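Reader: I should be grateful for a close look at one part of this model. Please take a single strand and its surroundings, and then turn to the pockets.

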Amino acid sequence: MAGTNGGRPTLFPTLLYTDAKAAIRQLTEALGFMELSVYEGEDGSVMHAELVQGNGAVMLGSKGRGGVFDTAMKGAGPAGVYVVVDDVDAHHRRAVEHGAEILMPPTDQEYGSRDYMARDLEGNLWSFGTYAPEIPS
């Protein structure tokens, strides 16, 4: 389910976590992302990580490590990210097997997509579904 189709994504949701290592575990084990890179600071905090799913990627790191982005994100609420997957039901089963909090089970939408929604350990919402609009070149 995880992996890349090659190329370079041009849009990266970027999140900070109090426990970035736990977030990486959940995102890879339960939600099917593949770890591309993880850079840790001397104190063990995650300075920068990249996880991929299909031809998209998310960047994340540890909260409280300083810097402009960390300061700007201070007090920010949870984010919502939509991820396209081929088999929503299989993806959902994997998430359930790994104890992910499911907010909406796989549901057929009136616009033709099949989606489900989960919340990660720190409150971010992850929607997984088949909706993939064509982006003009």
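Author: What follows describes one strand, the aromatic rings associated with it, and then the two pockets. The model is a predicted one.

Strand β8 covers residues 125-129, and S127 lies within it. The relative accessible area of S127 is 16%, which is under the 20% limit, so this residue counts as buried. Apart from neighbours within four places in sequence, the residues in contact with S127 are V81, Y82, V83, Y116 and M117.

One of these contacts, Y116, also takes part in the aromatic pairs. The count of such pairs comes to four. In one of them Y116 and F128 are stacked, with 5.3 Å from centre to centre and 25° between the planes. Y116 belongs to strand β7 (residues 114-119) and F128 to strand β8, so this pair ties together parts that lie 12 residues apart in sequence. Y116 and F128 are both buried. F128 also pairs with W126: the ring centres are 6.5 Å apart and the planes meet at 15°, so this pair too is stacked. The planes fall under the 30 degrees that the term requires. W126, like F128, is buried. Through ring pairs, F33, Y116, W126 and F128 are linked into a cluster.

Y82, another residue in contact with S127, leads to the pockets. The largest pocket has a volume of about 1000 Å³. It is lined by 30 residues, and those closest to its centre are Q53, N55, G56, Y82 and V84. Two elements, β4 (56-62) and β5 (80-84), give two or more residues each to this lining. β5 gives the most, with four residues. By character, the lining of the largest pocket divides into 17 nonpolar, nine polar and four charged residues.

The second largest pocket has a volume of about 170 Å³. Its lining consists of T14, L15, L16, K63, M73, A76, G77, P78, A79, E122 and N124. Strand β1 (residues 14-17) provides the largest share of this lining, with three residues. Six residues of the lining of the second largest pocket are nonpolar, three are polar and two are charged.

To return to the strand: S127 in β8 is in contact with Y116 and Y82. Y116 is stacked with F128, while Y82 is among the residues closest to the centre of the largest pocket.

Notes. Residues numbered from 1 in each chain as written. Predicted model: local features only at pLDDT ≥ 70, side-chain atom pairs only at ≥ 80, totals over all residues. Heavy atoms only, no water. Buried < 20%, exposed > 50% of the residue type's maximum accessible area, 1.4 Å probe, protein only. Contact = heavy atoms within 4.5 Å. Phe/Tyr/Trp six-rings, centres within 6.5 Å; stacked < 30°, edge-to-face > 60°. 1 Å grid on protein atoms, 1.4 Å probe; cavity = no way out; pocket = protein on both sides within 12 Å on 5 of 7 lines; lining within 4 Å. Points joined across faces, edges and corners; volume = space filled by probe spheres on them. Nonpolar A, V, L, I, M, F, W, Y, C, P; charged D, E, K, R; others polar.
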